[in-house]
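These are my notebook entries on helix packing, aromatic pairs and a few individual residues. I set down what I looked up, entry by entry.

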Amino acid sequence: DSLLIALAGHASTKVRCSIARRSNLPIEALDIFAASGNLTVRRELIYSDSFRAWANTELLIEWSGMDDEFARLAAAYITDFEGSDVEALFQALVVHSDPDVRLGLAESWNLPKRLRKQMLNDEDIGVRMACEKALE
């Protein structure tokens, strides 16, 4: 754990990104990543089981508002965030200005049907079509 914690604070973005994807990250490493503000590292954290268990709704909404790519990834993994309120995160992402974020929601394989139905009137035709296809 101490090595992962040390590497989480490494000066190299490449090193931090390679560590951020790990599934066995200690809380201290996640805290360091969260405090760093590095968007590239944050995007890699999405792939970490540890991060998806640790991240709360407020953090996910805040980061999604700051970074469209993070928001797109969060949308794709929306139901995998164990410590977050899926409904609240959905409500934040479903009104995101970037249609690719909303498309990520529409294409999220495990999004509950009742939430997907809310997207059938999206202003973007691609989002609407993805919802229709997923509801078939």
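Entry 1, a term and H96. I take a residue as buried when its relative accessible area is under 20%. The model I am reading is predicted. I looked up H96 and found a relative accessible area of 11%, so H96 counts as buried. H96 sits in the loop between α8 and α9. Setting aside neighbours within four places in sequence, I listed its contacts as S64, D68, A71, V101 and R102. For S64, I also noted the C-alpha separation from H96: 8.9 Å, with their positions 32 residues apart along the chain. The side chain of H96 reaches the backbone nitrogen of D98 at 3.0 Å.

Entry 2, the start of α9. Which residue caps the N-terminal end of α9? I found D98 there, with a side-chain oxygen 2.8 Å from the backbone nitrogen of D100. D98 is thus met twice in these notes: its backbone nitrogen is reached by the side chain of H96, and its own side chain caps α9.

Entry 3, α9 against α11. I looked up the axes of α9 (residues 99–107) and α11 (residues 125–135), which come within 9 Å and cross at roughly 0°. Angles under 35 degrees count as roughly parallel. The two helices α9 and α11 are therefore roughly parallel to each other. On the α9 side I recorded P99, R102, L103, A106 and E107 as making the contact, and on the α11 side G126, V127, A130, C131 and A134. By class, the residues of this contact are seven nonpolar, one polar and two charged.

Entry 4, burial of α9. Which residues of α9 are buried? I noted V101, R102, G104, L105 and A106. The elements covering them include α7 (68–76), α8 (86–93), α10 (113–117) and α11. Two of these buried residues, V101 and R102, are also among the contacts of H96. R102 and A106 appear again in the contact of α9 with α11.

Entry 5, A71. I placed A71 in helix α7. Its relative accessibility is 0%, so A71 counts as buried. Beyond neighbours within four places in sequence, A71 is in contact with S64, L93, H96 and V101. S64 and V101 also figure in the list for H96. I further noted that A71 and R43, 28 residues apart in sequence, have C-alpha atoms 9.0 Å apart in space.

Entry 6, aromatic pairs. A pair of aromatic rings is described by the distance of the centres and the angle of the planes. How many aromatic pairs does a search of the whole structure find? I recorded five. One of them is F51 with W54, a tilted pair at 6.0 Å centre to centre and 45° between the planes. F51 and W54 are three residues apart in helix α5 (residues 49–54), so about one helical turn separates them. F51 is buried at a relative accessible area of 0%, whereas W54, at 24%, counts as partly exposed. I then looked up W63 with F70, an edge-to-face pair at 5.4 Å centre to centre and 75° between the planes. Both W63 and F70 are buried. Ring pairs link F51, W54, W63, F70 and F81 into a cluster.

Entry 7, S48. I located S48 in the loop between α4 (39–45) and α5. Is S48 buried or exposed? Its relative accessible area is 0%, so S48 is buried. The side chain of S48 reaches the backbone oxygen of R22 at 2.6 Å. A polar atom of that side chain also lies 3.2 Å from the backbone nitrogen of S50. Apart from neighbours within four places in sequence, S48 is in contact with A20, R21, R22, S23 and L25.

Entry 8, N38. I found N38 in the loop between α3 (27–36) and α4. Its relative accessible area is 18%, and N38 therefore counts as buried. A polar atom of its side chain lies 3.0 Å from the backbone nitrogen of V41. Not counting residues up to four places away in sequence, N38 touches T13 and R16.

Notes. Residues are numbered from 1 along each chain as its sequence is written. This is a predicted model: local features need pLDDT of at least 70, side-chain atom pairs count only at pLDDT 80 or more; totals for chains, interfaces and linings use all residues. Side-chain values use heavy atoms; hydrogens and water are left out. Axes are lines fitted to C-alpha atoms, for helices over the stretch in contact, and angles run from 0 to 180 degrees between N-to-C directions. Angles under 35 degrees count as roughly parallel, over 145 as roughly antiparallel, 65 to 115 as roughly perpendicular and the rest as oblique. Contact means heavy atoms within 4.5 Å. Ala, Val, Leu, Ile, Met, Phe, Trp, Tyr, Cys and Pro count as nonpolar, Asp, Glu, Lys and Arg as charged, and the others, Gly among them, as polar. Buried means under 20% relative accessible area, exposed over 50%, partly exposed in between (1.4 Å probe, protein chains only). A polar contact is a pair of N or O atoms within 3.5 Å; within protein, one must be able to donate a hydrogen and the other to accept it, and residues adjacent in sequence count only if both atoms are side-chain atoms. Rings of Phe, Tyr and Trp (its six-membered ring) pair if their centres lie within 6.5 Å; planes under 30 degrees apart count as stacked, over 60 as edge-to-face and the rest as tilted.
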